Amino acid sequence: MGAAGPVSRFPSEPAARRSRHRTRRLGVLRGVSGVLAAGLVALVVGLVVAYVVALREGAPGPGAATLLVHAAGAVVAVVAQVFADRTPGARGAGLAAGVIVLVGAVLAVEWLF
């Protein structure tokens, strides 16, 4: 048995023509968008906990509209992130950028204004 070599996804393309930098940049973009999508989900969980505690204590808390906007944004962000992770090339990068914009918009609308 001989030594096993690395398995390439592009067997017809020479190793010198493949660039790690390009895929690494797209990986960073998708990583950042994934972290932001997961953070939005965590924020929704925290808001639901705050909502329940506020209801039990009779104190003002986050309203139903706030929960709805955050939850809808989180669902859309996670679905778009899944498609971004599974779609290669510019289309996947565009979806990842869209996740970043969506999370920024939800945070700006709900927390700044």
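Which side chain does the side chain of S33 join through a polar contact of 2.6 Å? The tour below leads to that contact, starting from the whole chain of this predicted model.

**Stop 1: the whole chain.** Display the protein chain as a cartoon. It contains 3 helices and 0 strands, and the elements follow the pattern α-α-α along the sequence. Colouring by relative accessibility shows the buried residues, which make up 20% of the 113 residues. With the surface switched on, the chain exposes about 8100 Å², of which carbon and sulfur atoms supply 68%. A contact map is a useful companion view: among contacts between residues at least 6 apart in sequence, 71% join residues at least 24 apart.

**Stop 2: helices α2 and α3.** Select residues 64–86 for helix α2 and residues 89–112 for helix α3. Their axes lie 8 Å apart and the helices pack at an angle of about 170 degrees. Because angles over 145 degrees count as roughly antiparallel, α2 is roughly antiparallel to α3. The residues of this contact divide into 13 nonpolar, 5 polar and 1 charged. To show the α2 side of the contact, select T66, V69, H70, G73, V76, A77, A80, Q81, F83 and A84. To show the α3 side, select G92, L95, A96, V99, L102, V103, V106, E110 and W111. Please keep Q81, A96 and V99 highlighted; these members of the α2–α3 contact return at the next stop.

**Stop 3: S33.** Now select S33, which is placed in helix α1, residues 20–57. Is S33 buried or exposed? With a relative accessible area of 0%, S33 is buried. Leaving aside neighbours within four places in sequence, S33 is in contact with Q81, A96, V99 and I100. Display the side chains of S33 and Q81 to answer the opening question: a polar contact of 2.6 Å joins these two. The side chain of S33 also reaches the backbone oxygen of R30, at 3.0 Å. Within this view, Q81 therefore has two roles to inspect: Q81 belongs to the α2 side of the contact with α3, and the side chain of Q81 meets that of S33.

**Stop 4: V52.** Remain in helix α1 and select V52. At 42% relative accessibility, V52 counts as partly exposed, whereas S33 in the previous view is buried at 0%. Finally, add P62 to the selection and draw a C-alpha to C-alpha distance. V52 and P62 are 10 residues apart in sequence, and their C-alpha atoms are 9.5 Å apart in space.

Terms used: Residues are numbered from 1 along each chain as its sequence is written. This is a predicted model: local features need pLDDT of at least 70, side-chain atom pairs count only at pLDDT 80 or more; totals for chains, interfaces and linings use all residues. Side-chain values use heavy atoms; hydrogens and water are left out. Helices (H or I, at least four residues) and strands (E, at least two) are DSSP runs, numbered from the N terminus. Buried means under 20% relative accessible area, exposed over 50%, partly exposed in between (1.4 Å probe, protein chains only). A polar contact is a pair of N or O atoms within 3.5 Å; within protein, one must be able to donate a hydrogen and the other to accept it, and residues adjacent in sequence count only if both atoms are side-chain atoms. Contact means heavy atoms within 4.5 Å. Accessible areas come from the Shrake-Rupley method with a 1.4 Å probe; for residues, only the protein chains shown count as cover. Axes are lines fitted to C-alpha atoms, for helices over the stretch in contact, and angles run from 0 to 180 degrees between N-to-C directions. Angles under 35 degrees count as roughly parallel, over 145 as roughly antiparallel, 65 to 115 as roughly perpendicular and the rest as oblique. Ala, Val, Leu, Ile, Met, Phe, Trp, Tyr, Cys and Pro count as nonpolar, Asp, Glu, Lys and Arg as charged, and the others, Gly among them, as polar.
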